[in-house]
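Please open the model in your viewer with the sequence panel beside it, and keep a cartoon view ready so that single strands and helices can be selected in turn. The stops below follow one another as a tour.

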Amino acid sequence: MHVFVTGGTGHSGSYIVPELVAAGHEVTGLARSDTAAAALSALGAKVRRGDLQDLDGLKEAAADSDGVIHVAHRQDLLPSGGIDAVTAAEIPVMLAYGEALAGTGKPLVAAGSIGSPGKGGILGRPATEEDPALPVGDEHTGTLRVRNVVETAVIGLAERGVRSSVVRIANIAHSMTDRAGFLPTLIALAKEKGFAGYPGDGANLWNAVHARDVASLFRLALEKGPAGKYWHAVGDGGIPLREIAEAIGSRLGLPAVSVPLDELMLPGHFGFLANIVTQNYPASNLITRRTLGWEPAQPSLLADLDNGHYFPAS
């Protein structure tokens, strides 16, 4: 297949492109800079210069392809407009893909969030692929839930003859090239504070996946995923946050310490993470594995922390 990929130089994308190339697909990646173009070429992809604001260019690239993988977003909008601005910019992109691919049966696989169907506290059980993204209202302005409308738009394209699906990526995507994700942030906090903190008893569950396993799932969804489906890129379905903190503390030679569930203490330690570190996100990958034959093969989160690459020698 000739696959058009956006976000091919990002954390997930830089694993997706070589995964596709190794499987025999021809990949064209979107690049808005010389640096991105060089990185895509190094990964084995052809380069199409442009950006997410060029909707006509995106439609042309999608129409010229046998399928699209979309993992990019307008990160430049975050400082000024937050997640609301990022989402508002992404919806026209999905509609452009819809115009280009309508009635063709070609695949469109877009990145989503494992939190979109709700947290464990809402569902009372692990989230599954059959749980739709929660609806969005005015009261959700400024929250991660706002982006659920993007997932809903992608799934809706199935009714227009697009083999569209969403890969919900775990809260923590880890790898040797993870430089700005949740784990590096927790590690930096531990170094700054002198201990690895966790909220309350730390029993709340987070999920994780290796970026290489994310890449193989995108490929499988592209190759054979039915239309209108959600897939769960989850390797570890539920790890107590306390265990993650303990693993970080052990590697750094620092104690793991409970941070009281207090409206002053939590922001005082976790900063901008304070509103999410207490959440519970158990998730299942059973339907994904059974339907697509996906089996996570890379190290688990705790094993990856033990590998040492998150803790380079100073």
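Begin by selecting strand β10, residues 229-233, in what is a predicted model. Four of the five residues of β10 are buried, so this strand is largely enclosed by the rest of the structure. With β10 still highlighted, add strand β6, residues 163-169, and you will find that five bridges join β6 to β10, the two strands running parallel. To look at one of these pairings in detail, pick V166, whose bridge partner in β10 is Y230.

Now widen the selection to the whole sheet, in which seven strands are arranged in the order β3-β2-β1-β4-β5-β6-β10, an open sheet with parallel pairing. Which strands lie at the edges? They are β3, residues 46-49, and β10, each of which pairs on one side only. If you follow the sheet from one strand to the next, the twist averages 25 degrees.

Next, select strand β4, residues 67-70, and show its side chains. G67 and I69 point one way from β4, whereas V68 and H70 point the other way, and all of them are buried. On one flank, β4 is joined to β1 by four bridges, and these two strands run parallel; here V5 stands opposite I69 of β4. Strand β5, residues 107-113, also pairs with β4 in the parallel sense, over three bridges. Two pairings are worth picking out between β4 and β5: V68 has L108 as its bridge partner, and H70 stands opposite A110.

With the sheet still displayed, turn to the helices that lie against it. Helix α6, residues 148-156, lies across β5, β6 and β10 and runs at about 150 degrees to β6. Then add helix α8, residues 211-224, which packs on the sheet and touches β1, β4, β5, β6 and β10, its direction making about 165 degrees with that of β6.

Keep α8 selected and move to the other sheet of this tour, an open one of three strands in the order β7-β9-β11, where the pairing is mixed. Its edge strands are β7, residues 172-174, and β11, residues 236-240, and each of these pairs on one side only. Neighbouring strands of this sheet are turned by 40 degrees against each other on average, when direction is ignored. Strand β9, residues 205-210, pairs with β11 in the antiparallel sense over three bridges, and selecting W206 will show you that this residue stands opposite I239 in β11. Helix α8 packs on this sheet too, touching β7 and β9, and its direction makes about 75 degrees with that of β9.

The next stop is a pair of helices, so hide the sheets and select α3, residues 55-63, together with α4, residues 78-101. Their axes come within 8 Å and cross at roughly 40 degrees, and α3 and α4 are therefore oblique to each other. The crossing of these two helices is right-handed. To see what forms the contact, display L55, L58, K59, A62 and A63 of α3 along with P92, V93, A96, Y97, E99, A100 and L101 of α4. By class, this contact of α3 with α4 has ten nonpolar residues, no polar ones and two charged ones.

Then select another helix pair, α7, residues 182-193, and α9, residues 241-252, whose axes come within 10 Å and cross at roughly 60 degrees. That crossing angle makes α7 oblique to α9, and the handedness of the crossing is right-handed. On the α7 side, F182, L183, L186, I187, A190 and K191 meet L241, I244, I248 and L252 of α9. The residues of this contact of α7 with α9 divide into nine nonpolar, no polar and one charged.

Finish at A297, which is found in the loop between α11, residues 286-292, and α12, residues 301-307. Is this residue buried or exposed? A297 has a relative accessible area of 65%, and is therefore exposed. As a last step, select G44 as well and draw the distance between the two C-alpha atoms: A297 and G44 are 253 residues apart in sequence and 23 Å apart in space.

Technical notes
Residues are numbered from 1 along each chain as its sequence is written. This is a predicted model: local features need pLDDT of at least 70, side-chain atom pairs count only at pLDDT 80 or more; totals for chains, interfaces and linings use all residues. Side-chain values use heavy atoms; hydrogens and water are left out. Axes are lines fitted to C-alpha atoms, for helices over the stretch in contact, and angles run from 0 to 180 degrees between N-to-C directions. Angles under 35 degrees count as roughly parallel, over 145 as roughly antiparallel, 65 to 115 as roughly perpendicular and the rest as oblique. A crossing is left-handed if the near helix is turned anticlockwise from the far one by less than a right angle, and right-handed if clockwise. Contact means heavy atoms within 4.5 Å. Ala, Val, Leu, Ile, Met, Phe, Trp, Tyr, Cys and Pro count as nonpolar, Asp, Glu, Lys and Arg as charged, and the others, Gly among them, as polar. Two strands pair if DSSP finds at least two bridges between them. Buried means under 20% relative accessible area, exposed over 50%, partly exposed in between (1.4 Å probe, protein chains only).
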